[in-house]
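Hi,

Here is the structure I promised to pass on. Have a look at it first, and then read my notes below.

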Amino acid sequence: MAEVIKESVSISILKVNEEIASELRHFFNQRRIFTINLISSPGSGKTMLIERLLDYFDKEKVFVFVGDIETERDAKRIRERGGKSCQIITGNTCHLEAIMIKKGLSFLEDGTEYLFIENVGNLVCPASYDLGEHLRISMISTPEGDDKILKYPKAFLTSDVLVINKIDLLKYLPFDIQRVEEEAKKIKREIKIFKTSALTGEGVKELADFIKKEREGRFKD
């Protein structure tokens with residue numbers, strides 16, 4: 001019986017989240033703010049990737065929400081790079097929820113065209129929470145190993161883009177990039193795949209160009 005109650009509570013929480021996410025998506029569409037939700041494990045390079053991406057955008061038109069359990073370190077890194085950011089500290093919660101994003105909307109400035117949401121480092125829980133985003137990116141990095149796609153399928157099934165980061169380390173690691181690409185396509189045929197090194201910048205411009213093109217397509221009128 002306890003398991004049934006637990007499942008019921010979980011479904012209710014997700015339903016409320018979906019309703020708020022729908023409100024957020026309406027808010028973003030009205031203001032033409034293209035929103036990207038970035039999901040990955042801790043240490044895969046989310047913050048560094050966003051720092052690199054900022055080089056290809058007008059920083060005045062970009063805002064970054066950074067989710068972490070504690071500290072404001074990553075949001076400070078974004079600001080030190082010239083970007084605008086707000087840290088969302090989740091306490092014991094291992095993911096961002098739509099209500100947390102809603103509370104952060106007051107920080108957005110007029111003229112914002114892109115909102116990057118750096119989710120809490122985790123490939124499990126964030127996959128279940130719609131944040132009203134237009135584009136969901138799941139990222140893995142080569143030191144994590146090449147077996148993550150089938151271990152955490154929901155993260156990739158719910159994503160539009162897979163980023164394989166830290167490819168500068170490929171020559172040092174037993175990482176089968178072809179296997180990763182094949183397994184990702186097996187889970188979701190239409191998923192877009194980008195190979196990047198946030199450290200060297202390799203592949204980041206291609207990802208930035210894709211995001212810009214997606215925004216243009218979304219708000220083409």
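**What turned up**

Right after α3 comes G82, and its phi is positive, near 95°. Before I go on, please keep in mind that this is a predicted model.

**Around α3**

Let me stay with α3, which covers residues 73-80. Which of its residues are buried? They are D74, A75 and I78. Looking down the axis of α3, you will find these buried residues within an arc of 100°, so they line one face of the helix. On the face turned away from that buried side, α3 carries R73 and E80, which are exposed. As for what the buried residues of α3 pack against, there are two helix and strand neighbourhoods to check in your viewer: α2 (46-54) on the helix side, and β2 (62-68), β3 (84-89) and β4 (114-118) on the strand side.

**α2 against α3**

Two packed helices are described by the angle between their axes and the distance between the axes. For α2 and α3, the angle is about 20° and the axes are 10 Å apart. Angles under 35 degrees count as roughly parallel, and α2 and α3 are therefore roughly parallel to each other. The crossing in which α2 passes α3 is right-handed. On the α2 side, the contact is made by T47, M48, I50, E51 and L54; on the α3 side, D74, R77 and I78 take part. Sorted by class, the contact of α2 with α3 has four nonpolar residues, one polar residue and three charged ones.

E51 may be worth a click of its own. Is this residue of helix α2 buried or exposed? E51 has a relative accessible area of 11%, and buried means under 20%, so E51 is buried. Leaving out residues up to four places away in sequence, E51 touches R77, I78 and R81.

**α2 against α8**

α2 also meets helix α8, which spans residues 204-218. Here the axes come within 9 Å and cross at roughly 75°. That makes α2 roughly perpendicular to α8. Which residues meet there? From α2 they are L49, R52 and L53, and from α8 they are V204, L207, A208 and I211. By class, the contact of α2 with α8 has six nonpolar residues, no polar ones and one charged residue.

**The buried side of α7**

Moving along the chain, helix α7 runs over residues 177-187. Its buried residues are I177, V180, E183 and A184. Seen down the axis of α7, they fall within an arc of 130°, so they line one face of the helix. Among the elements covering the buried residues of α7 are β5 (135-141) and α5 (148-151), along with β6 (161-165) and β7 (192-195).

**Positive phi outside glycine**

Back to backbone angles for a moment. Most residues other than glycine have a negative phi. R32 is not a glycine, yet its phi is positive, at about 55°. You will find R32 in the loop between α1 and β1 (34-40), and at 33% relative accessibility it counts as partly exposed. T71 is another residue other than glycine with a positive phi, near 70°. T71 sits in the loop between β2 and α3, and its relative accessibility of 37% makes it partly exposed.

**Two residues of α1**

Finally, a couple of distances, both taken C-alpha to C-alpha. I13 belongs to helix α1 and is partly exposed, with a relative accessible area of 40%. How far apart are I13 and Y129 in space? They are 9.8 Å apart, with their positions 116 residues apart in sequence. K15 also lies in helix α1, which covers residues 2-31. K15 is exposed, at 51% relative accessible area. From K15 to S44 the separation is 29 residues in sequence and 30 Å in space.

That is what I have for now. Shout if anything looks odd on your screen.

Cheers

Notes:
Residues are numbered from 1 along each chain as its sequence is written. This is a predicted model: local features need pLDDT of at least 70, side-chain atom pairs count only at pLDDT 80 or more; totals for chains, interfaces and linings use all residues. Side-chain values use heavy atoms; hydrogens and water are left out. Buried means under 20% relative accessible area, exposed over 50%, partly exposed in between (1.4 Å probe, protein chains only). Helices (H or I, at least four residues) and strands (E, at least two) are DSSP runs, numbered from the N terminus. The arc is that of the directions from the helix axis to the C-beta atoms. Contact means heavy atoms within 4.5 Å. Axes are lines fitted to C-alpha atoms, for helices over the stretch in contact, and angles run from 0 to 180 degrees between N-to-C directions. Angles under 35 degrees count as roughly parallel, over 145 as roughly antiparallel, 65 to 115 as roughly perpendicular and the rest as oblique. A crossing is left-handed if the near helix is turned anticlockwise from the far one by less than a right angle, and right-handed if clockwise. Ala, Val, Leu, Ile, Met, Phe, Trp, Tyr, Cys and Pro count as nonpolar, Asp, Glu, Lys and Arg as charged, and the others, Gly among them, as polar.
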